[in-house]
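Grab a coffee and open the viewer. Below are a few exercises, each with a solution worked out in steps.

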Amino acid sequence: GPGMLSTLYNSSYQFVQTDDYVMIMVEMVHDARIIPLFENAEEARANRRPEKLQQWLGDSVGWYENNTLIVETVNINPLQMGQSAVPISPDGRFIEKFSRYADDEIIYQFTVDDSNLYSQPWTAELSYYPLEGSIYEYACHEGNYSMPGILAGARRLEREQAAN
């Protein structure tokens, strides 16, 4: 969700933009944010989803200011934020900025505004670069549970073959 920081693994992002939406998909668990685009901040804020339609990653709306995409997110599901590296209360908001710095670099900046948790808004910034390779399926390969069985079966097969 918002506050997109690098993790130990699976921290690649895919950005797709149409005339009306931006989609940001993260490799980890393939979470996808579909962000409607508007002409300006006022129009974006006037077109928020009803609060009752609480999205897992919050209610994000976007607009451009010059060549910078601004995304504002509110109403983030508290369960999702419990797993986030950037805590925020239900009353908090994220303001994200995406600016192309070079052909191969996007500067990503986010500001957390939440007076319930922080004494003042704070901002973080990092850069995104093109991925060399592909984003692969996020999947567990059952190594946590099946490895002892696989190895036991292989050792038995080896013993049987050695006995013949």
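**Exercise 1. Place Met147 and decide whether it is buried, partly exposed or exposed.**

Keep in mind that this is a predicted model.
- Step 1: find the element. Met147 sits in helix H3, which covers residues 143–163.
- Step 2: check the accessibility. Met147 comes out at 39% relative accessibility.
- Step 3: apply the cut-offs. Buried means under 20%, exposed means over 50%, and partly exposed is what lies in between. Met147 is therefore partly exposed, given its 39%.
- Step 4: look for company. Met147, Ile150 and Leu151 make a nonpolar surface patch of about 270 Å².

**Exercise 2. Work out the fold pattern and how the protein chain compares with a compact globule.**

- Step 1: count the elements. The protein chain has three helices and eight strands.
- Step 2: put them in order. Along the sequence you get β-β-β-α-β-β-α-β-β-β-α.
- Step 3: check the radius of gyration. The protein chain has 21 Å, while a compact globule of 164 residues would have a value near 15 Å.
- Step 4: look at the box. Along the principal axes, the C-alpha atoms fill roughly 80 × 40 × 30 Å.
- Step 5: add burial and surface. Of the 164 residues, 32% count as buried. The accessible surface is about 10900 Å², and carbon and sulfur atoms own 50% of that.
- Step 6: ask about range. Take the contacts with a separation of 6 or more: 40% of them come from residues 24 or more positions apart.

**Exercise 3. Which residues touch the most other members of the largest nonpolar core, and which strands supply it?**

- Step 1: pick the hubs. This core has 20 residues, and Met4, Ile24, Phe94, Phe98, Tyr108 and Tyr128 touch the most other members.
- Step 2: trace the suppliers. At least two residues each come from S2 (21–26), S3 (32–38), S5 (68–74), S6 (93–102), S7 (105–113) and S8 (122–128).
- Step 3: name the top contributor. That is S7, with four residues.
- Step 4: zoom in on one hub. Skipping neighbours within four places in sequence, Ile24 has contacts that include Met4, Tyr13, Phe15, Ile35 and Phe98. Asp31 and Arg33 are also among the contacts of Ile24.
- Step 5: don't miss the other core. A second, separate one has seven residues, among them Phe38, Ala41, Ile70 and Ile95.

**Exercise 4. Asn66 has a positive phi, and Asn75 has one too. Where is each found, and is each buried or exposed?**

- Step 1: get the angles. Phi is about 55° for Asn66 and about 60° for Asn75; neither residue is a glycine.
- Step 2: locate them. Asn66 lies in the loop between S4 (59–65) and S5. Asn75 lies in the loop between S5 and helix H2 (78–81).
- Step 3: compare with the cut-offs. Asn66 has a relative accessible area of 78%, so it is exposed. Asn75 has 14%, so it is buried.

**Exercise 5. Describe the surroundings of Gln17.**

- Step 1: find the strand. Gln17 belongs to S1, residues 13–17.
- Step 2: judge exposure. Gln17 is partly exposed because its relative accessibility is 47%.
- Step 3: list the partners. Not counting residues up to four places away, Gln17 touches Val22, Leu37 and Tyr64.
- Step 4: add a distance. Gln17 and Ile34 are 17 residues apart in sequence, with a C-alpha to C-alpha distance of 9.6 Å.

Note on methods. Residues are numbered from 1 along each chain as its sequence is written. This is a predicted model: local features need pLDDT of at least 70, side-chain atom pairs count only at pLDDT 80 or more; totals for chains, interfaces and linings use all residues. Side-chain values use heavy atoms; hydrogens and water are left out. A nonpolar core is a set of buried Ala, Val, Leu, Ile, Met, Phe, Trp, Tyr and Cys residues joined through side-chain atoms within 4.5 Å. Buried means under 20% relative accessible area, exposed over 50%, partly exposed in between (1.4 Å probe, protein chains only). Contact means heavy atoms within 4.5 Å. Patches are made of residues with over 30% relative accessible area and no salt bridge: like charges are joined within 9 Å, nonpolar side chains (Val, Leu, Ile, Met, Phe, Trp, Tyr) within 5 Å. Accessible areas come from the Shrake-Rupley method with a 1.4 Å probe; for residues, only the protein chains shown count as cover. A salt bridge is a side-chain nitrogen of Lys or Arg within 4 Å of a carboxyl oxygen of Asp or Glu. The radius of gyration is taken over C-alpha atoms; the globule rule is 2.2 Å times the number of residues to the power 0.38.
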